[in-house]
Amino acid sequence: GFTDHVALGNGEWNPWEGDEKNELAASQQRYEANLKMIKYARSHLEETSLRVQIWGKAAIGLYLWQHVFGGHLEPADGTAQWREGNQKAGKTYFSFLTGPSVVPGYFSVEAEHVVLVLNGRERAKVASATQWLHYAQTLIQTHKIQHVAVVLLGNEQCNNGWIQPYLKRNGGFVNLLFVTYDCALVNEEDIFQWPLGVATYRNFPVVEPNWSMLHDPRSYLCNFLGTVYKNSSRETLMEILKQDGLDKLCWIAAREQWQPQETNESFKNYQDALLQSDLTLCPVGINTECYRIYEACSYGSLPVVEDVMTPGDCGNSSMYHSAPLQLLKTRGAPFIFIKNWNELPAVLEKEKKMSLQEKIQRRKKLLEWYQNFKAWVKQKFITTLENSFLPSDKG
């Protein structure tokens with residue numbers, strides 16, 4: 001008994017020794033199996049995958065990455081000089097870079113395929129976008145990268161002619177173009193329509209639908225917070241709301257000057273208005289498509305969209321004959337489309353008679369549609385890149 005153990009001297013006696021050896025062997029096996037899996041995944045990644053770097057040099061890049069891809073960025077602080085994120089999707093490994101410090105030639109290019117997110121809305125922005133394109137062109141010529149796609153915040157009147165010479169079809173080097181608004185160039189071959197999305201430059205957040213957003217009664221029939229331009233349909237809208245005292249049933253805050261930057265208070269007000277209204281009125285601005293449409297969807301407030309073409313070069317493409325908003329209409333957006341604000345009183349009368357249950361069903365439908373729309377945009381984007389960038393098996 002006891003004396004035997006003492007006699008053994010200091011050789012530690014361990015009744016669990018056998019189990020530990022087994023456990024050690026098992027954990028060694030697990031470790032080796034994991035290593036094998038990682039190696040396999042790596043080689044597999046190299047075989048089948050594209051590595052795509054997205055350079056976000058326009059705010060719509062944040063809509064692409066955070067809202068459509070559901071991706072994260074480090075650091076989380078939106079004012080940081082440099083932010084990045086990664087995600088594997090489809091056969092592709094995406095990395096996203098954004099921030100003021102992302103400057104041509106001053107960061108490492110770590111993929112053979114690049115998506116440039118550019119702002120072409122006005123002349124000054126086009127100058128900067130052009131610099132990025134020239135940088136990408138140099139990388140192509142020196143074989144540092146193989147393919148370039150562009151996601152472009154287009155001009156609100158669809159004057160995007162400046163980018164045409166850069167497209168491969170016109171002798172340039174840009175394989176694919178995804179462009180906002182109803183650009184007549186859209187052909188579903190190498191030029192695709194891209195959603196405008198939410199105003200990420202005003203830090204509009206990714207909104208996760210919750211129980212109360214779906215089920216709570218909302219205090220207002222409708223909302224419109226925005227700028228009322230002289231002699232615009234927005235003035236007509238204001239008059240119609242005042243006529244029947246409808247402005248008492250809606251959250252209306254009109255201002256005469258457009259403000260690019262919200263104060264914390266005005267932004268909080270705007271979000272509250274979306275959350276507290278059953279409908280969000282979306283009068284046309286310079287273009288029919290506006291951030292408000294997508295922001296309303298985020299909060300389950302149904303957009304009432306003024307369905308008229310705005311002046312300029314936007315219109316039907318060879319693929320679609322449903323402009324304005326052909327992308328949203330083609331995807332079956334469950335909005336209320338009206339041609340004239342005179343139709344609004346009848347819409348609001350109908351609204352007053354709806355039960356909460358009916359409104360809940362409608363919110364569910366809208367939120368589901370918007371989730372599905374973003375998922376479809378993501379899938380289509382990835383598939384289009386893969387089909388264009390991956391070598392085809394046709395021989």
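**Figure 1. Helix α11 on the open sheet.** Helix α11 lies across β8, β10 and β11 and runs at about 50° to β10. The model is predicted: local features require pLDDT of at least 70 and side-chain atom pairs pLDDT 80 or more, whereas totals for chains, interfaces and linings use all residues. Residues are numbered from 1 along each chain as its sequence is written, and side-chain values use heavy atoms, with hydrogens and water left out. Helices (H or I, at least four residues) and strands (E, at least two) are DSSP runs numbered from the N terminus. Axes are lines fitted to C-alpha atoms, for helices over the stretch in contact, and angles run from 0 to 180 degrees between N-to-C directions. Contact denotes heavy atoms within 4.5 Å.

**Figure 2. The five-stranded sheet and helix α8.** The open sheet has the strand order β9-β8-β10-β11-β12, with parallel pairing; two strands pair if DSSP finds at least two bridges between them. Its edge strands, β9 (250-255) and β12 (336-338), each pair on one side only. On average, neighbouring strands are turned by 20° against each other, direction ignored. Strand β11 (residues 302-306) pairs with β12 in the parallel sense over three bridges, and E306 stands opposite I338 in β12. Helix α8 packs on this sheet, touching β8 (220-227), β10 (277-282) and β11, and its direction makes about 170° with that of β10.

**Figure 3. The contact of α8 with α11.** Helices α8 (residues 291-298) and α11 (residues 356-389) pack at an angle of about 120°, with axes 8 Å apart. From α8, the contact involves Y294, C297 and S298; from α11, L366, L367, W369, Y370 and F373 take part. By class, seven of these residues are nonpolar, one is polar and none is charged (nonpolar: Ala, Val, Leu, Ile, Met, Phe, Trp, Tyr, Cys and Pro; charged: Asp, Glu, Lys and Arg; polar: the others, Gly among them).

**Figure 4. The largest cavity.** A cavity is a set of points, on a 1 Å grid over the protein atoms alone, where a 1.4 Å probe fits but cannot get out; lining residues have an atom within 4 Å of a point. Grid points are joined across faces, edges and corners, and a volume is the space filled by probe spheres set on the points. The structure holds four cavities of 30 Å³ or more, and the largest has a volume of about 80 Å³. Its lining includes F178, W194, L327 and W376. Helix α11 gives the largest share of this lining, four residues.

**Figure 5. The second largest cavity.** This cavity has a volume of about 60 Å³. Among its lining residues are H67, C297, S298, L367 and Y370. The lining divides into seven nonpolar, three polar and one charged residue.

Terms used. 1 Å grid on protein atoms, 1.4 Å probe; cavity = no way out; pocket = protein on both sides within 12 Å on 5 of 7 lines; lining within 4 Å.
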